[in-house]
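Student: Hi, could you walk me through this model while I have it open?
Tutor: Happy to, here it comes.

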Amino acid sequence: MTTGWRNSTAIRIALFTFLVGLNLGRLFVADSSIANATSIDSPNNNFEHMLPTGFTNSQTDGHVHILYGLSGGKDGFIEEFYVSLKSVILNTPLDRGMTIHLLTDPPAFNAVRPLEEMVNYFRSRQPISIQVYDVDSKGFPWKKNIEYCTGHKTSKKHTMGTFFRLYAYDVLPRHVEHALYLDTDVMITTNLQELWRLRNRSSFFQWGESKCAGFMLLNLRLMRDKFWKLVNETYPKNVVVKVHDKINDQDIVRRFDQNHSHLVSYLPPEWDNHRADNFNKFKKDLLGMRPKMGMVHFNGGKIGVADNVFVDKKRKEFISAYYYAYHPWQWTGYILESQLRDGQIGHPISFNFTNTTGDGGCKTWALERIRRVLEFAQSPRIQSNDASQMSPTTQRIYLDNSFLPTG
């Protein structure tokens, strides 16, 4: 019995020693892997499996692209844009370059020119570029493409500038895969690098569950190829549209989401704070409802009003907006300078103003379809070009074909 007990004890000791050795070995291996691990920004990282399906690795299109659509040059509107822009610059990623794209009409194009002189002495840790595009030549074809694809006239409650975001793929360089669109009344409150990690390559766009088009991550690669084709398919044809039945950008993207939900994904709550969705009611328990805060959308833009919403005294519950509204540009430059590495000279903010030309990005399919409809409408099969014998879709195109390019 004593011998059996001794043998049992020896087995237990041996087993214990083996397990301890095994775990120590694992510990040393883990410690070695931690010491030698590459960061998620390393070219040879192996963290891809940690990202949800469809999401990009930080090495894919790692440069941050910001997008604004500006229409009009009224002082209040431009001042509001400057506040939003200032919040973007103050939250620029420390380890990524950033390009800010401004799609403008002629009044806005001229109104933002003084910005170059305001920030030309800034020095940033990573390159920052501001690209300004005058898209006036594209506005009319874009508008007609919207009317063709949806069967609706564009709403007069909003300027054409509100639709610019949906055509960014037609203006920005083709290598730009994603762009973060902001309305001018959006304030960024945290570093944008956190949001840029959420890019999804399989979604046409990403927005919050409140479905507000004022803050969207756009996939320009997908939108360039199929967005308007899919939009065209979501609107019923051969339906007579009432004169007062107008459309805006929000209608289009929400309808796209409704009909192609598998092609849309959602951002977390910290990137979905819109005052129009009663977010301001959170003020009684703001930290409880939003322990993390990435942005705030103040939802301005009243008809006929071009004031700076960030200085509206009725919005005191978001007092943090005052920081950006009244923060001098000189201090903004100093904050960027304070982020430089030891001995780093820094990158000057570069500017480029461009006048764009083209057919509005719809020639690839929409204009060709319109041509075919016109040829049919003008053929002998339609006696005397009688519009009453045409479908409502054909009528819309036939009765207003002035937008077609000549030649």
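Tutor: Let's begin with β2, a strand (a DSSP run of E, at least two residues, numbered from the N terminus). Met98, Ile100, Leu102 and Thr104 on one side, and Thr99, His101 and Leu103 on the other, are all buried, meaning under 20% relative accessible area with a 1.4 Å probe, protein chains only.

Student: What is that strand enclosed by?
Tutor: Seven of the seven residues of β2 (98-104) are buried, so the strand is largely enclosed by the rest of the structure.

Student: Is this predicted or what, and how are residues numbered?
Tutor: This is a predicted model, where local features need pLDDT of at least 70, side-chain atom pairs count only at 80 or more, and totals for chains, interfaces and linings use all residues. Residues are numbered from 1 along each chain as its sequence is written, and side-chain values use heavy atoms, without hydrogens and water.

Student: Which strands pair with β2?
Tutor: β1 (residues 64-70) pairs with β2 in parallel over seven bridges, and seven bridges also join β2 to β4 (residues 128-134), again parallel. Pairing takes at least two DSSP bridges between two strands. Leu67 stands opposite His101, while Leu103 has Tyr133 in β4 as its bridge partner.

Student: And the whole sheet, what's the order?
Tutor: The sheet is open, with eight strands in the order β11-β8-β9-β6-β1-β2-β4-β14 and mixed pairing. β11 (264-266) and β14 (350-355) each have a single partner strand, so one side of each lacks a neighbour in the sheet.

Student: Who does β11 pair with?
Tutor: β11 runs parallel to β8 (residues 205-207), joined by three bridges; Gln206 is partnered with Ser265 there.

Methods
Helix = DSSP H or I, 4+ residues; strand = E, 2+ residues; numbered from the N terminus. Buried < 20%, exposed > 50% of the residue type's maximum accessible area, 1.4 Å probe, protein only.
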